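Colleague: Before I use these labels at the bench, I would like to hear what stands behind each of them. Please take them one by one.

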Amino acid sequence: MSGQPTPMMQQYLALKREAGDALLFYRMGDFFELFFEDAKVAAGILDIALTSRGEHGGEPVPMCGVPVHSAEGYLARLIKGGCRVAIAEQTETPDEAKARAKREGTPTSKALVARDIVRFVTAGTLTEEALLEPRRANLLVAVAPVRDGVGLASCDISTGRMELEECEANALDAALARLGASEVVAPEDWGDGTEGVIARPRADFRSEDGEARLKSIHGVATLDGLGDFTRPMLAAAAGLIAYLDHVGRGDLPFLLPPVARGSGAHLAMDAATRASLEILEAQGGGRAGSLIACIDRCVTGAGARQLAEDLAAPLAERGQIEARHAAIHHFHIDPLLRADLRALLRQAPDIGRALGRLVAGRGSPRDLGQIRDGLSEARRVRGMLEASADLPALLRDALVALGGHSALIDHLDRALVPSPPTERQQGGFIASGYDHALDALRETSGNARKAIAALEAKYREETDTASLKIKHNKVLGYFIEVPAKHGDKLMAADSGFTHRQTMAGAVRFNSIGLHEEATRIAEAGAHALAAEDAHFEELVGEVVTAREAIAATAAALARIDVAAGLAERAVEGDWARPEMLDTPCLEVVGGRHLVVEQALAKSGERFVANDCSLGEDDRLWLIGGPNMGGKSTFLRQNALILLLAQAGSYVPASSARIGLADRLFSRVGASDNLARGRSTFMVEMVETAAILSQATERSFVILDEVGRGTSTYDGMALAWAVVEAVHEQLRCRCLFATHYHELSRLADTCDALSLHHVRAREWKGDLVLLHELAAGAADRSYGLDVARLAGVPQPVLKRAKAVLAKLEKGRAETGGLAAGLGELPLFAASLQAENEPDDALRDALEVLDIDTLSPREALDKLYELKALGGSTKP
């Protein structure tokens, strides 16, 4: 490749320019090859050998490759490594390339097979079963800032589901955190600074284009029948569809009609709250230890994905929540129905994703089989539910979606073999009896093979060569082979055999009879494959026509699976059905932190349940007590109980009465965010500021140890002010854990604040943490006792005890850190005082000592005050 690039390298470089920052998989025979920097990146991620090929620009060209037949596994690793991949396939055969070269008058020996990028493989546009996590949705999200609002379009192309929404600019981070997108696209001039966003041309995000594309895709003259979509929503839809068009090279994937998501339809949670509560992912990363891992009893991948969506976006509308509770209740009280139904669902394939692959043109006969089997299971599920009395509304609605596929099921049942293959090229997936012409071709092919076996026996007898065999390979097709020592017999001019190839120990021949039989086999086989291929396209077309009804069935099965799975989990954990109210309350009896409870159960320990009773007259609990005593656990468990209830689940408690919340905030624990230059204390203050600026009277807030990351005086001052602000301004339900005992004085001035603590006792010199919540302030923090439990050396503890005694003596003498705080005005009053305008004339008069002034000084001061009075006039 030195000097002028070869035609192949010219072709590669042209395709690479088109691929941009994506790795280019360049098809060469049975391999996808990568060159230059792409090869270095891929070799590092895939841990495969990096070699070189020729030269380019005087330097060896780095290269590596992966086999085409196992490319999916390598693609999965590259996508997880944060790469995007462009697939460049051969778009003609070598024979077609030679024919083209001949027409163009160029040497056929140098004919280069044409190649083109047929698809971009990106994190948000996957449909292949091997590349997707069965129990997790794979969302692509487009962001379109328009004036003061932001449009969001999200879709999971593996199932076709698409949603459009609009939010304020300051709520975008929370919306993106809820969606948990695998890939985000936005206009190239968007300066939000969010990492990993794919920049696309601003022209792709025009609302009028979004409206036009949606009308065209769904064949409607107006979008009014699909929903009420704003201009920002349509702009985001335009950007999303344009990106899908780009990565699919003109072929759009499966897209269901879009659903408009209302801004107030769900419980709002920001990214910090989601991370703190470990809803879908644990703090250390991964699913283990998260809320969903603890409650997921779904038996289908689609059900698990629906459950994850429910937990990520709990409802804020009472009727919808209670409908989900009623569905769980139906399965909860009927264990036989629940068991039988879950057994049926366990056999159901993932028809939503199979449908997505078929509509996108990447489907296989196996996907058709999954549609057939999944719809058959749906029909059985429907029959089982129809036989159940007193179905709640949610399950009655599901019955409608589960039916209506009898004709399609019967057609697929007649057409397909019981277990269709994953590849269509080799045929063998159309059932016998479906197409008599195809059966005849198969019979001809089968008879021809029998004829070849008979021909082999005949030739052995005629040549008196028992070792004669008729074989087949891809290069020669069928041929006759004998050991070299018998070759002379068949070489004779009158033998009827034609010499084809001489090997080291064998000689190969052909014959007229063998050629005729081989031709019959090839023709019958080719015609059979063509017939099967035509049937495949016909069946896919029938499925595509019914795509929306099939998608509705898939969604109904997922919803039923979630309800039955949550009922199963409720029985396991002895959970209660929560009573949902419109008044701001949180009355939980025997509440438990389900993740901690599960972890303790594995070691044979029992979780200590606690009650919580927040209401309009007692909406703020100040909770003290020692570390390790269970304060943070108590805060989190009540936040999770509220979240589960509004997600439509039973809750881990003896009973619960829960007032609907519009927002949930959790500031429990923090860590440095070095990537953004933020210390632990800075992260804590940013999260606290978000709560103080966004929470409403209907919100639920948990705050743990606010102010602990700075000096004692600063920290307590901040904690004091935050508690007052929550009580006086936000007036929301709040659990506030703290080590600052001085805050207990707030109970004297804040009428809706009550004091509580986690109990601890000393027993024979050791600290016993009871993990029980009790009313009243904590008597002390037990910090030294916890340090002893942690293994701090005895000399250090002894010194700390002496220092503590000195500090406590000083506090007793001076009134302590909180001396004088009782006389401070409350938060609202202090705000009013601070906001009063300054009166410079009055201040000057107050400090003026008239008795010490001389007549001249008095006159000068009078002129000065006159001037000052004039300057302070409004």
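The talk below goes through salt bridges, burial, empty spaces and a surface patch.

Modeller: This is a predicted model, in which local features need pLDDT of at least 70 and side-chain atom pairs count only at pLDDT 80 or more, while totals for chains, interfaces and linings use all residues. Residues are numbered from 1 along each chain as its sequence is written, and side-chain values use heavy atoms, with hydrogens and water left out.

Colleague: What makes Asp296 and Arg135 a salt bridge?

Modeller: The term asks for a side-chain nitrogen of Lys or Arg within 4 Å of a carboxyl oxygen of Asp or Glu. In this pair the closest N and O atoms are 2.9 Å apart, so the pair qualifies. Asp296 lies in the loop between helix 9 and helix 10 (301-312) and Arg135 in the loop between strand 6 and strand 7 (140-146), so the bridge ties together parts that are 161 residues apart in sequence. Helices (H or I, at least four residues) and strands (E, at least two) are DSSP runs, numbered from the N terminus.

Colleague: Why is Asp296 called buried, and why is Arg135 called partly exposed?

Modeller: Buried means under 20% relative accessible area, exposed means over 50%, and partly exposed is in between (1.4 Å probe, protein chains only). Asp296 has 10% relative accessibility, so Asp296 counts as buried. Arg135 has 30%, so Arg135 counts as partly exposed.

Colleague: How do you know that Asp204 and Arg200 form a salt bridge?

Modeller: Their closest N and O atoms are 3.8 Å apart, so the pair meets the cut-off. Arg200, at 17% relative accessibility, counts as buried.

Colleague: What does the pair Arg424 and Asp533 tie together?

Modeller: The closest N and O atoms of this salt bridge are 2.7 Å apart. Arg424 sits in the loop between helix 16 (406-415) and helix 17 (436-463) and Asp533 in helix 19 (residues 512-545), so parts 109 residues apart in sequence are tied together. Arg424 has a relative accessible area of 23% and is partly exposed; Asp533, at 31%, counts as partly exposed. Elsewhere, salt bridges that share partners join Arg161, Glu163, Glu165, Arg178, Arg261 and Glu309 into one network.

Colleague: What makes an empty space a cavity?

Modeller: On a 1 Å grid over the protein atoms alone, a cavity is a set of points where a 1.4 Å probe fits but cannot get out; lining residues have an atom within 4 Å of a point. The search of the whole structure finds 2 cavities of 30 Å³ or more. The largest holds about 80 Å³, and its lining includes Arg119, Phe120 and Asp251. The second largest holds about 50 Å³, and helix 20 gives the largest share of its lining, 4 residues. A volume here is the space filled by probe spheres set on the points, which are joined across faces, edges and corners.

Colleague: Why is the group of Leu859, Leu862 and Tyr863 called a nonpolar patch?

Modeller: Patches are made of residues with over 30% relative accessible area and no salt bridge; nonpolar side chains (Val, Leu, Ile, Met, Phe, Trp, Tyr) are joined within 5 Å, like charges within 9 Å. Leu859 has a relative accessible area of 38%, so Leu859 passes the area cut-off. Together the three have about 340 Å² of accessible area, by the Shrake-Rupley method with a 1.4 Å probe, only the protein chains shown counting as cover for residues. Leu859 is found in helix 29 (residues 855-871).

Definitions and conventions. 1 Å grid on protein atoms, 1.4 Å probe; cavity = no way out; pocket = protein on both sides within 12 Å on 5 of 7 lines; lining within 4 Å.
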